[in-house]
Amino acid sequence: MHASQIGRPRAFDAEAALEKAMTVFWAQGYEGASLTDLTEAMGISRKSLYAAYGNKEDLFRKALRRYAEGPGAYVAEALRQPTAREVAAAFLAGAARSGTMPGLPAGCMGVQGALAAGGAGRTARDILTEWRAHGQTLLRDRFRQAVQTGDLPDSADPEKIARYVMTIANGIAVQAAGGAACEDLQQVADAALRNWPPA
């Protein structure tokens with residue numbers, strides 16, 4: 001960094017711009033979001049985008065982290081619930097709420113971001129597959145803990161339960177993207193948990 005640049009503020013709010021990029025990727029997916037779409041939404045030039053965030057893939061990763069800390073923060077909150085059933089209930093309710101928030105794209109960025117990705121979107125598809133798998137691993141580990149503490153029976157399969165909860169949540173996200181209301185999606189979540197734990 002040159003001495004003349006030390007202490008010089010950026011010409012834009014990096015966090016606000018990242019929030020805008022998150023919304024573009026969430027609404028249009030990785031492949032559908034062009035650099036022009038991104039720079040226009042973020043209010044910056046391509047040069048500023050590359051200088052502040054790296055390439056499109058780097059920006060996507062940062063936007064996904066922003067999503068996980070913002071609209072997707074329900075995952076961390078759910079994992080802190082005292083019982084396995086409450087973890088699953090909070091996880092599914094969070095999926096329903098975050099996928100239907102006014103003023104934001106419908107569905108889940110982690111599901112929508114690469115559903116229709118072609119060759120150019122393979123990287124994003126791989127990033128999101130890994131991201132969803134990490135979420136499922138967090139659920140599995142939490143359900144293993146529930147077995148160890150007696151909250152779930154010894155016969156419970158934490159891997160299967162985590163996959164079940166994640167599959168319901170992903171389905172909720174797809175339904176939300178199709179226009180389903182939060183209340184309707186919450187009814188789906190409630191129905192999914194009527195027989196707990198899933199056999």
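**Exercise 1. The chain as a whole**

What percentage of the 199 residues in the chain is buried? Then describe the overall build of the chain.

*Solution.* Welcome! Before starting, keep in mind that this is a predicted model.

- Step 1: Buried residues make up 41% of the 199 residues.
- Step 2: Turn to the secondary structure, where the chain has 10 helices and 0 strands. Read along the sequence, this gives the pattern α-α-α-α-α-α-α-α-α-α.
- Step 3: Look at the dimensions: the C-alpha trace spans about 65 × 35 × 30 Å along its principal axes.
- Step 4: Consider the contacts between residues with a separation of 6 or more. Of these, 66% link residues 24 or more positions apart.

**Exercise 2. Helix 1 and its two partners**

Find how helix 1 is oriented against helix 2 and against helix 4, and list the residues that make each contact.

*Solution.* Let us take the two partners in turn.

- Step 1: Helix 2 covers residues 35-42, and its axis comes within 9 Å of the axis of helix 1, crossing at roughly 155°. Angles over 145 degrees count as roughly antiparallel, so helix 1 is roughly antiparallel to helix 2. The crossing of this pair is right-handed.
- Step 2: On the helix 1 side, this contact is made by Ala17, Leu18, Lys20, Ala21, Val24, Phe25, Gln28 and Gly32, and on the helix 2 side by Asp37, Leu38, Ala41 and Met42. Sorted by class, the contact of helix 1 with helix 2 has 8 nonpolar, 2 polar and 2 charged residues.
- Step 3: Now take helix 4 (residues 56-69), which packs with helix 1 (residues 14-32) at an angle of about 105°, the axes being 8 Å apart. Because angles of 65 to 115 degrees count as roughly perpendicular, helix 1 and helix 4 are roughly perpendicular to each other.
- Step 4: Helix 1 brings Glu15, Leu18, Glu19, Ala21, Met22, Phe25, Trp26, Tyr30 and Glu31 to this contact, while helix 4 brings Lys56, Glu57, Leu59, Phe60, Lys62, Ala63, Arg66 and Tyr67. By class, the contact of helix 1 with helix 4 holds 10 nonpolar, no polar and 7 charged residues.

**Exercise 3. Helix 6 against helix 10**

At what angle do helix 6 and helix 10 pack, and which residues meet there?

*Solution.*

- Step 1: The angle is about 165°, and the axes are 9 Å apart. That makes helix 6 roughly antiparallel to helix 10.
- Step 2: The crossing of helix 6 and helix 10 is right-handed.
- Step 3: From helix 6, Leu92, Ala93, Ala96 and Arg97 meet Cys182, Leu185, Gln186, Ala189 and Ala192 of helix 10. The residues of the contact of helix 6 with helix 10 divide into 7 nonpolar, 1 polar and 1 charged.

**Exercise 4. Two residues in their surroundings**

Place Ala95 and Gln136 in their helices, and decide for each whether the residue is buried or exposed.

*Solution.*

- Step 1: Ala95 lies in helix 6 (residues 84-98). Its relative accessibility is 5%, and buried means under 20%, so Ala95 counts as buried.
- Step 2: Leaving aside neighbours within four places in sequence, Ala95 is in contact with Tyr74, Ala169 and Ile172. Tyr50, by contrast, is 45 residues from Ala95 along the chain, and their C-alpha atoms are separated by 32 Å.
- Step 3: Gln136 sits in helix 8 (residues 122-148). With 12% relative accessibility, Gln136 counts as buried.
- Step 4: Not counting residues up to four places away in sequence, Gln136 touches Glu159, Ala162, Arg163 and Met166.

**Exercise 5. Cysteines and a cis bond**

How many disulfides does a search of the whole structure find, and where does a cis peptide bond occur?

*Solution.*

- Step 1: The search finds 0 disulfides.
- Step 2: To see why, start from Cys108: the closest cysteine sulfur is in Cys182, 14 Å away, which is too far for a bond. A disulfide needs the two sulfur atoms within 2.5 Å.
- Step 3: Compare the exposure of these cysteines. Cys108 counts as buried at 9% relative accessibility, whereas Cys182 counts as partly exposed at 21%.
- Step 4: Finally, the cis peptide bond joins Trp196 and Pro197, with omega about -5°. Pro197 is found in the segment after helix 10 (182-192).

Technical notes: Residues numbered from 1 in each chain as written. Predicted model: local features only at pLDDT ≥ 70, side-chain atom pairs only at ≥ 80, totals over all residues. Heavy atoms only, no water. Axes fitted to C-alpha atoms, helices over the stretch in contact; angles between N-to-C directions. Helix = DSSP H or I, 4+ residues; strand = E, 2+ residues; numbered from the N terminus. Parallel < 35°, antiparallel > 145°, perpendicular 65-115°, else oblique. Contact = heavy atoms within 4.5 Å. Nonpolar A, V, L, I, M, F, W, Y, C, P; charged D, E, K, R; others polar. Buried < 20%, exposed > 50% of the residue type's maximum accessible area, 1.4 Å probe, protein only. Left-handed = near helix turned anticlockwise from the far one by under 90°.
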